[in-house]
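I opened this notebook to keep track of what I looked up, entry by entry. My topics are charged pairs, one helix and one stretch of surface.

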Amino acid sequence: DCVDGQVSDEPIFALVVNGFSLVHALDGDLRDLFFKTASLCKAVICCRVTPLQKAEVVKLVRVKANAVTLAIGDGANDVSMIKAAHIGVGISGKEGRQAVLSSDYALAQFRFLERLLLVHGRWSYMRMTKFLSYFFYKNFAFSLCQFWFAWFSGFSAQTIYDDWFITFYNVIFTSLPVLALGILEQDIPEDKCLQYPKLYVPGQQNRLFNKKVFASSLLFGAIVSAGLFFIGYGIFNQSIDSDGKDAAGLDVFGDALAGTLVFVVNFQIAFETLYWTWLTHFFTWGSIAVWFAFMFVLYGPGFSLYFPSLFPSGAVAPFLYSLPQFWLSLLVTLAVCIGIPIAVKHLWNVFDPTLIDLVRRKEGFECYTCAKTVETEIDEEKSVESVTPPPHLRSGSTRQFDRSRQSTIRGTGFAFSQEPGFGSMIMDGRLSVMGKRRDDKYDDTDGDDDDDD
């Protein structure tokens, strides 16, 4: 047996079921036995089945295996199967457009399924996981700063942020970079996705986003919020400006904390982004520039002078930018909240890299040296525990085909009419005997003609 170009000592089994047998296999208690037997096989082929049976097989796998299922078909008889699966793919061909109209994705040829799964499917999963992880991180970093401030305000419900900043945080300052990440992100080019199909496995096993990843995103956001608040609090506490005035007011500290937060979360998504375009640069660095413009417009000498009731803080922006404490807290917070995670991730990629890290290193997308290689990681992926097949599937106990049992075969080939065809005649050798007799007859006829001549 040869699997993925390598010789394997483990026996590999395949299961072929026709429509007549599938009627009994999907009935009652045999459903569990059929599913367990099929799960031990490398491939399962259900041939000459009805549209309802196709849908029943998909539902069986969907329920018993608790897996994401995909069904692909090109005709009206595949509509039930396509609708029963999580993801339906229709092929537009000569059998009409019923399958295409009932599917989630439409393909012109079956061979495009490889690109749909290994390239676009994998990219979509990777983008979604990064989007969700970063979204929870940035909102926890934003919200928990209010929690830390509550301990110093006697839980009086006083907010540390300005009302306008709370309104625009998820709308302007941090929305566009994460959208660009969720739409344009690519960890490796498309040709490398096809070259290394093992990269599709993490998506099947939910490695990139699960309860552990979700909890780590929340914990990371909580730690960053603590760093944001307490580093700024330590620097601004009892500080004065160059004129000897108090520089630790609530408005000044709140705006400094807000600005530092915008810097940290946008630098973090810049660190997470692997595929840069001009649009990614524009959204990421433009979000930081928008915060500066926001501060100058709303908290400069203009709006606070003409609309004091809406902007009671006054012209706090020029005063904030003139404070060395603000720039010091910004640099220290970036070094702690961004520099430390970069160092930790670098060490993690060196000593315990994932398969995508190894591929990026091998293809020249990363410049560090890993403790493993791509080939080693792929071998570890393949070293799974062998499953002992049931007795009726073991090669040592496979029963030889007995000619005395051939008469019990009801028919091995039948078309969509569900009527037996020439299967039994092929199995018992009648067609070959008839063909031999016909050839002998032609030979005798040719011999007679030669004698006449």
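Entry 1. I began with Asp78 and Lys54, and found that Asp78 is buried and that Lys54 is buried as well. Their side chains meet in a salt bridge, with 2.6 Å from N to O. This pair links distant parts of the chain, since Asp78 sits in the loop between strand E5 (70–73) and helix H4 (79–84) while Lys54 belongs to helix H3, 24 residues apart. I noted here that the model is a predicted one, and I read each of these entries with that in mind.

Entry 2. Next I looked up Arg122 and Asp187, which form a salt bridge whose closest N and O atoms are 2.5 Å apart. Here too distant parts of the chain are linked: Arg122 lies in helix H6, and Asp187 in the loop between helix H8 (175–184) and helix H9 (190–195), 65 residues apart. Both partners are buried, Arg122 as well as Asp187.

Entry 3. Are the partners Glu56 and Arg31 buried or exposed? I found neither word to fit, because Glu56, at 25% relative accessibility, counts as partly exposed, and Arg31, at 22%, counts as partly exposed too. The two form a salt bridge, with 3.8 Å between the closest N and O atoms. Glu56 is in helix H3 (residues 51–64) and Arg31 in helix H2 (residues 30–39), 25 residues apart, so that this pair also links distant parts of the chain. For the whole model I wrote down a count of 8 salt bridges.

Entry 4. I then turned to helix H13, which covers residues 278–298. Its 21 residues should span 30 Å at 1.5 Å a residue, and because the C-alpha atoms at its ends are 29 Å apart, the expected and the found span agree. I nevertheless recorded a kink of about 35 degrees in H13, centred on Gly286. The buried residues of H13 are Thr280, Phe283, Thr284, Ser287, Ile288, Trp291, Phe294, Met295 and Leu298. Beside this list I wrote a reminder that an α-helix has 3.6 residues a turn, so residues three or four places apart point the same way.

Entry 5. Last, I looked at the surface, where Phe147, Trp151, Phe152, Phe155 and Phe230 form a nonpolar patch with about 570 Å² of accessible area together. Which of the words buried or exposed suits Phe155? Phe155 counts as exposed, because its relative accessibility is 51% and the cut-off for that word is over 50%. Phe155 has its place in the loop between helix H6 (112–150) and helix H7 (163–173).

Definitions and conventions
Residues are numbered from 1 along each chain as its sequence is written. This is a predicted model: local features need pLDDT of at least 70, side-chain atom pairs count only at pLDDT 80 or more; totals for chains, interfaces and linings use all residues. Side-chain values use heavy atoms; hydrogens and water are left out. Helices (H or I, at least four residues) and strands (E, at least two) are DSSP runs, numbered from the N terminus. The expected span of a helix is 1.5 Å times one less than its number of residues. The bend at a residue is the angle between axes fitted to the seven residues ending there and the seven starting there. Buried means under 20% relative accessible area, exposed over 50%, partly exposed in between (1.4 Å probe, protein chains only). Patches are made of residues with over 30% relative accessible area and no salt bridge: like charges are joined within 9 Å, nonpolar side chains (Val, Leu, Ile, Met, Phe, Trp, Tyr) within 5 Å. Accessible areas come from the Shrake-Rupley method with a 1.4 Å probe; for residues, only the protein chains shown count as cover. A salt bridge is a side-chain nitrogen of Lys or Arg within 4 Å of a carboxyl oxygen of Asp or Glu.
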